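Trainee: Got a minute to go through a structure with me? I'd like to start at the ligand and work outwards.

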Amino acid sequence: MPIAPKMIVAGNWKMNGDLSRIEEFRKQLSHLSVVEVVLCPPSVYLSSAKSDNYAVGAQDCSEFLSGAHTGDISVEMLKEIGCKYVIIGHSERRQDHLESNKQVAAKVKTAIDAGITPIACVGEPLEVREAGGVFEYVGEQIQAILELCGDTFFSSSVIAYEPIWAIGTGKTASPEQAQEVHAFIRKELLKVSEKAQMMSILYGGSVKPDNAQALFAQPDINGGLIGGASLQLESFKKICQAAN
Ligand code: PEP
């Protein structure tokens, strides 16, 4: 019986990488005993990325199960090719594709219903942090998911707290800043279910080999969602080891 949330390190390649990089990771990203490693390449590479050493995750899914939604990918399709995880509501999707809290919640529910673990992303822009509105902003993102998913959210979901001002900027939240929001998220979740005690809450935003350990040492930080540093095998490996 586990006594703490699972440590998870997920690499979000965004729209980067190619088949040769997939091959490099598939051959050389070795299994780690304690940490669940997840590789999230662009969707066209998901099938090629499969390995016994790590799990594979998509970067998005449709909130619909099938139909006239050109360019979208359903959770059943992801499941069929062996995806265990799907990142949902990444800030780049919220910004570039105008995904609302409601749509993100619908996608999370679709993933849960299909048996795929959603990595539900939340996080505030800089102006919200500067105005002192972090808890309210992140709280609303979480509430939208809880309202739609209820108790089912606690079956296998993962949350990633990614302050937008820290994504791809080189500005990491300090371990204390990140822990403060992670503790808030867990407190909000605990109001709904005791199972929140075991939910993995990942931090994302300029995690690198040299700052990973201090972040992962925080009591409510249970791993990371890694963008830029997940594209280089050696740096991604070091971050995974920092969580082990
Ligand atoms: C991300 O894209 O989820 C991310 C955290 O990016 P980076 O690590 O590059 O800041």
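Mentor: Sure, let's take the ligand site, then a few residues and helices, keeping in mind that this is a predicted model.

Trainee: Great. Which residues come nearest to the ligand?

Mentor: There are 14 residues around the ligand, and Lys14, Glu162, Gly168, Ser206 and Gly228 come nearest.

Trainee: And how many of the shell residues are nonpolar, polar or charged?

Mentor: By class, the shell has 4 nonpolar, 8 polar and 2 charged residues.

Trainee: What about polar pairs? Which atom of the ligand is 2.6 Å from the side chain of Glu162?

Mentor: An oxygen atom: it sits 2.6 Å from an N or O atom in the Glu162 side chain. A ligand oxygen is also 2.9 Å from an N or O atom in the side chain of His90. For Asn12, the distance from a ligand oxygen to a side-chain N or O atom is 3.4 Å.

Trainee: How much of the ligand's accessible area does the protein cover?

Mentor: The protein covers 97% of it, where the ligand on its own has 290 Å².

Trainee: Let's stay with His90. Where is it found?

Mentor: His90 is in the loop between strand 4 (85–88) and helix 3 (91–96). Its relative accessibility is 5%, so His90 counts as buried.

Trainee: Which residues does His90 touch, leaving out its sequence neighbours up to four places away?

Mentor: With those left out, His90 touches Asn12, Lys14, Cys121, Glu162 and Ile167. A polar atom of the His90 side chain also lies 3.0 Å from the backbone nitrogen of Glu92.

Trainee: Lys14 has come up twice now. Where is that one, and is it buried, exposed or partly exposed?

Mentor: Lys14 is in the loop between strand 1 (8–12) and helix 1 (19–28). It counts as partly exposed because its relative accessibility is 22%, and the cut-off for buried is under 20%. Lys14 also has a positive phi of about 50 degrees, although it is not a glycine.

Trainee: Which other residue than glycine has a positive phi, near 50 degrees?

Mentor: Leu98 has a positive phi near 50 degrees. Leu98 is placed in the loop between helix 3 and helix 4, and at 69% relative accessibility it counts as exposed.

Trainee: New topic: Asn211. Which helix does it lie in?

Mentor: Asn211 lies in helix 8. It counts as buried because its relative accessibility is 17%.

Trainee: What does the side chain of Asn211 reach?

Mentor: Two backbone atoms: the oxygen of Ser206 at 3.0 Å, and the nitrogen of Lys208 at 2.7 Å. Not counting residues up to four places away in sequence, Asn211 touches Thr172 and Ser206. Ser206 is also one of the residues that come nearest to the ligand.

Trainee: Nice link. Now helix 7: what span should its 16 residues have?

Mentor: At 1.5 Å a residue, helix 7 (residues 175–190) should span 22 Å, and its end C-alpha atoms are 22 Å apart, so the two agree.

Trainee: Which residues of helix 7 are buried, and what do they pack against?

Mentor: Among the buried ones are Pro175, Ala178, Val181, Phe184, Ile185 and Leu189, and polar or charged side chains such as Gln179, His182, Arg186 and Glu188 are buried too. The buried residues of helix 7 pack against several elements, including strand 5 (117–122), helix 6 (134–149), strand 6 (158–161) and helix 8 (209–216).

Trainee: And how far does helix 6 reach?

Mentor: Helix 6 has 16 residues and reaches 23 Å from first to last C-alpha, close to the expected 22 Å. Its buried residues include Val138, Ile142, Ile145 and Leu146. The partners that the buried residues of helix 6 pack against include helix 3, helix 4 (101–114) and helix 7. Helix 6 is followed by Gly150, with a positive phi near 55 degrees.

Trainee: Last one: Val158 in strand 6. Buried or exposed?

Mentor: At 3% relative accessibility, Val158 counts as buried. Not counting residues up to four places away in sequence, its contacts include Ile8, Tyr85, Ile119 and Leu202. Val158 and Pro5 are 153 residues apart in sequence, yet 9.9 Å apart in space, C-alpha to C-alpha.

Notes. Residues numbered from 1 in each chain as written. Predicted model: local features only at pLDDT ≥ 70, side-chain atom pairs only at ≥ 80, totals over all residues. Heavy atoms only, no water. Helix = DSSP H or I, 4+ residues; strand = E, 2+ residues; numbered from the N terminus. Expected span 1.5 Å × (residues − 1). Buried < 20%, exposed > 50% of the residue type's maximum accessible area, 1.4 Å probe, protein only. Contact = heavy atoms within 4.5 Å. Near = heavy atom within 4 Å. Polar contact = N/O pair within 3.5 Å; in protein donor to acceptor, adjacent residues only side chain to side chain. Areas by Shrake-Rupley, 256 points an atom, 1.4 Å probe, with all protein chains shown as cover.
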